[in-house]
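Reader: Hey, I've got a protein to look at for class and I'm a bit lost. Can you walk me through it?
Author: Sure, let's pull it up.
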Amino acid sequence: MRYHDLLKSDSRVTILALSWRDIKSPTAGGAEVHTHEMLKRIDRAFYRVIHIAARYGGEKESELIDGVQYLRKGNPASVIWYAFSYYQRNRKKIDLVIDQCNTHRFFTPLWVPRKKRIFYIHQLTREIWEINLKFPWSKIGKWMENGLLKLNRRDFVITVSESTKAELIALGYHADKITIIPNGISFVPWQKEQWKEKEQVPAFVYAGRYAAYKGIGIAVESIGILKRRGIPAKLWILGKADREYIKTHLLPVCRTYGIKMGKRDSASEVIIWGYVSEQEKLELLSRAKALVFPSVREGWGIPITEAGAVGTPSVVFDSPGVRDAVDWGNAGYLCGCNSESLAEEMERVLQDEVLYERKRERAYAFSCRFLWDGNEEKIRKFLKQIGN
């Protein structure tokens, strides 16, 4: 079947969603999960959803998943031209176009009428440019960001947090056109009797990708600071291990502080668990004293919500998106964006049991509010708002 034949003989409203990765891309993360969970909950009786993304390797070129038709073509650069061509061939049959901005974007203001456009963004990039890229690309990216974002300032917008919404409004976006469709968790929050017993030697846990802006090295350094203060603690790192990142970013910190790093079940202070199953991840989150999430910027921070739902509060940087996930400190611990501040809050976790239990209860109650199925009504209202 040719791709544009998918649009024949169907009277439903057609939504074309565009992003550089999809739910089966090798580097899919929280943004791709949110995208899929949102799109699959759009009412199929009235809407047809087609999603175009780059093809990274072994994925099928065309695949139907949970009612969403996925098309894959080209690489992150060439997929922009493919999406443009697909739209031009079928523009009379496509009613809405969702342009997901995850640093990568499809520049739809240049080729899709405003009445059809939806801008979908989890977070701004800001300081991440300088963390992830070298000069001059870091300066160029940071300089261009505001101008590119302003291209969509009159569009309807989907985002995931109040932090991102506020930053968009500061750039001239219309508040009444921005809808927050929050992240959710993919499991039923545990009953309190299901919570695991905490480790005898307190364990902090990080869960997520290896990326400099997410602050794994800062978490390791904070364990070193606690060690120098004579406070025993471990750090568990969950997620597919990046050997090069460990070698260049984490091992030097371990050497500085005299920290031992090892694999799972070792007696080391920093333990690299690598990839774990979803069930094992939840059990480790529940056994840990607290999740540490020292990211400088996120759309939200799903591991924070997951940890709360199994009885574990989080210690996080007071940064956009992340602060939202702990309800501005009411459902977790907020700290300054450096290792000393993180270590101080980690020490507070260990020493103030009354405060800890209060944070733990609040984290659990807050996390229980974020289930994917709870977004169906928000999605319905958003589509009604834009007249579809």
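Author: One term before we start: contact means heavy atoms within 4.5 Å. Also, keep in mind that this is a predicted model.
Reader: Okay, so which residues does L235 touch?
Author: Leaving out residues up to four places away in sequence, L235 touches F204, V205, Y206, A219, V220, I223, E269, V270, I271 and V292.
Reader: And how many residues are in the largest nonpolar core?
Author: That core has 69 residues, and L235 is among those with the most contacts inside it, along with F204, V220 and I237. Apart from it lies another core, of 21 residues, including V13, L39, V49 and I386.
Reader: Switching topic: what about strand β2, is it mostly covered or open?
Author: Mostly covered: β2 runs over residues 47-53, and seven of its seven residues are buried.
Reader: Which residues are on each side?
Author: Y47, V49, H51 and A53 sit on one side, with R48, I50 and I52 on the other, and all are buried.
Reader: How does β1 pair with β2, parallel or antiparallel?
Author: Strand β1, residues 13-18, pairs with β2 in the parallel sense over six bridges. In that pairing, T14 stands opposite R48 in β2.
Reader: Cool. Now the surface: which residues make the nonpolar patch?
Author: W137, I140, W143 and M144 make a nonpolar surface patch of about 520 Å².
Reader: Where is W137, and why do you call it exposed?
Author: W137 is in helix α4, residues 137-150. W137 counts as exposed because its relative accessible area is 58%, and the cut-off for exposed is over 50%.

Notes: Residues numbered from 1 in each chain as written. Predicted model: local features only at pLDDT ≥ 70, side-chain atom pairs only at ≥ 80, totals over all residues. Heavy atoms only, no water. Patch = residues over 30% accessible without salt bridge, like charges linked within 9 Å, V, L, I, M, F, W, Y side chains within 5 Å. Areas by Shrake-Rupley, 256 points an atom, 1.4 Å probe, with all protein chains shown as cover. Salt bridge = Lys/Arg side-chain N within 4 Å of Asp/Glu carboxyl O. Helix = DSSP H or I, 4+ residues; strand = E, 2+ residues; numbered from the N terminus. Buried < 20%, exposed > 50% of the residue type's maximum accessible area, 1.4 Å probe, protein only. Core = buried A, V, L, I, M, F, W, Y, C linked by side-chain atoms within 4.5 Å. Pairing = 2+ DSSP bridges.
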